Amino acid sequence: MSKTILSVNNLVSRYGPITALKGISLEVNEGEIVSLLGANGAGKSTLMKSILGMVTINSGSSIKFDGQELVGKKSYQIVPLGISIVPEGRGVFIAKSVEENLEVGTFFRTRTPARDKELLEMVYTSFPRLKERRRQLAGTLSGGEQQMLAVGRSMMADPKLMMLDEPSMGLAPLVVAEVFNVIKTVRDMGITILLVEQNAKQALKIADRGYVLTTGEITNSGTGAELLADDELIAAYLGAKK
Amino acid sequence: MLFQFILNGLTNGSLYALMAVGVTMVYKSLGMLNFAHGDIMMIGTFIALTIIKLKVPLFASLIVAVLATAIIGFLLERLILRRVEFSSFINLLIATVGVSYILRNGAMVVFGTNPQRFPSLFSQFPVNVAGFKVSPQSIGIILVSLTLIVALHLFFTRVKVGKCMELASSDAQSAAMMGINVSHMRFLTFGISAGLACIAGALIAPLTYARPDMSAAIGLKAFAAAILGGIGNLWGALLGGIILGVVEALGAGYISSAYRDAFSFLVLFFVLFVKPTGLLNRKIENKL
């Protein structure tokens, strides 16, 4: 078994008085795609924000990434360690060009300029449309293109772990299929992936393993195939048709 | 005559623009109107004057004063504004009004209420250029202001820290997720805006003398210029400042100098009536 790159232990996160995560534990191994499933408000995005140090975390919680404790660190200390995110709703900078958006990814990881070029080549090869539109403002791109841009920007950070927060949200079914293909491509580049999705079936199909999150607690876990085979679970927790 | 009026207008206008730039960057980054901006300018002016009186060469005094004012800006952000930031927009606004009063009245106690002469970097004696009387001081003010605004633009578009400041102010949440230290960027923005105010003060004071209440007129114009051009927009601040300056000068010259301020605010009302976002602000649409 390959080594564990991210391990979350007894994580309790709060927004003011509201406890959004009630002591969850999970692991992500190097090279895996791990899907995190759950309905709206289950705490999926909170988990991502916790990993990035953007919400209040109770003491006693632990998030270990590549041997380092993340609890107590801020996002600007965590991103340089090699975690990058594709935020919910994409979070591209709409008033900046595609190129400028991609450049943001390079800001906080130290590597050679040669690697920068290589990464940019890689992004443009994976998303030819971004290359065509590299001078266009991100706000003028379609939803699918913006999603590609957000993934590309994240790739530019040369991350060890890429977290994607609902990448299929608001996209047409054909585009969704494209996005999931992209995620597989990214994994094939050797980047570990933590994927948060409501689109359970698609997410489990590409996942090595999955966790089900229900109102702040992990209620089920297993390999992608196992969870996918559990019709009852799919119906009850994920709201998808059999 | 027309040439004189326009030159005067451009001189004042570029000073308004320089002040407006400080207002506009803080608005964009911290989401608040900084009513203390004019008084930060005044404090910067007095710091410069104090150093000049110690027989330090003028240019060196100004550099030290700009740095000192920037540090005061940093401190104000850290010690006061940050504390109220999370309560509400109105509280933040009132906090800046409070800071403004403290600075102004503090200055009256420390430096006295008498206007004090302030040495100019540029000669005040007009020279003849192709039949026109041109004051090197006017040209100097215009050039310094324009250079600073262009430099600022380059800083925000070419330098990594500047780009990060720009991103943090346009979309704080996404910027933080990308690893930008948003709170640090705000802090820098406020400091730079204070430093710019000090330079503006050093350019204005030779014309108006250094006085604790010197911010009254220009502070308001800075807001008007920033809003006229489209608040949050660097070029808007420049354009707004120049328009106000020239309109004022022409109005005062050809109609009556008693209504000098009225002309600039009439223009402001008219522009806001026609284009409520200000001249250069357009809504950047996200197609989604």
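1. Start with helix H6 of chain A. In this predicted model, H6(A) lies across strands S7 and S8 of chain A, and runs at about 175° to S7(A). H6(A) covers residues 143–156, and we'll meet this helix again at the contact with chain B.

2. Now look at S7(A) itself, residues 83–86. Ile83(A) and Ile85(A) point one way, while Ser84(A) and Val86(A) point the other way, and all are buried. That fits the textbook picture: in a regular strand, side chains alternate between the two faces of the sheet.

3. What does S7(A) pair with? Its partner is S8(A), residues 161–165, in the parallel sense over 4 bridges. If you want a spot to check on screen, Ile83(A) stands opposite Leu161(A) of S8(A).

4. S8(A) also pairs with S9(A), residues 192–197, again in the parallel sense, here over 5 bridges. Leu164(A) is the residue to click on: Leu195(A) in S9(A) stands opposite.

5. Zooming out, these strands belong to an open sheet of 6 strands in chain A, ordered S7-S8-S9-S3-S10-S11, and the pairing is mixed. S7 and S11 (217–223) of chain A are the edge strands, each pairing on one side only. From one strand to the next, the twist averages 20°.

6. On to the interface. How many residues of chain A are in contact with chain B? There are 21, and they meet 17 residues of chain B. Helix H2 (75–78) and H6 (143–156) of chain A each supply at least two residues to the side of chain A that touches chain B. That side of chain A divides into 13 nonpolar, 8 polar and no charged residues.

7. Over in chain B, helix H1 takes in residues 2–30, 29 residues in total, and reaches 41 Å from its first C-alpha to its last, close to the expected 42 Å. Of those 29 residues, 21 are buried, so H1(B) is largely enclosed by the rest of the structure. Gly31(B) follows the helix, with a positive phi near 65°.

8. Helix H2 of chain B (residues 37–53) can be read in a similar way. Its 17 residues reach 25 Å from first C-alpha to last, close to the 24 Å expected. Here 13 of the 17 residues are buried, so H2(B) is largely enclosed by the rest of the structure. Just after H2(B), take a look at Lys55(B), which has a positive phi of about 70°.

How values were computed:
Residues are numbered from 1 along each chain as its sequence is written. Chains are lettered from A and ligands numbered from 1 in the order in which they are written. This is a predicted model: local features need pLDDT of at least 70, side-chain atom pairs count only at pLDDT 80 or more; totals for chains, interfaces and linings use all residues. The expected span of a helix is 1.5 Å times one less than its number of residues. A residue is buried if 20 or more other C-beta atoms lie within 10 Å of its own, exposed if 12 or fewer, and partly exposed in between; C-beta atoms are placed from the backbone. Two residues are in contact if their C-beta atoms, placed from the backbone, lie within 7 Å. Ala, Val, Leu, Ile, Met, Phe, Trp, Tyr, Cys and Pro count as nonpolar, Asp, Glu, Lys and Arg as charged, and the others, Gly among them, as polar. Two strands pair if DSSP finds at least two bridges between them. Axes are lines fitted to C-alpha atoms, for helices over the stretch in contact, and angles run from 0 to 180 degrees between N-to-C directions.
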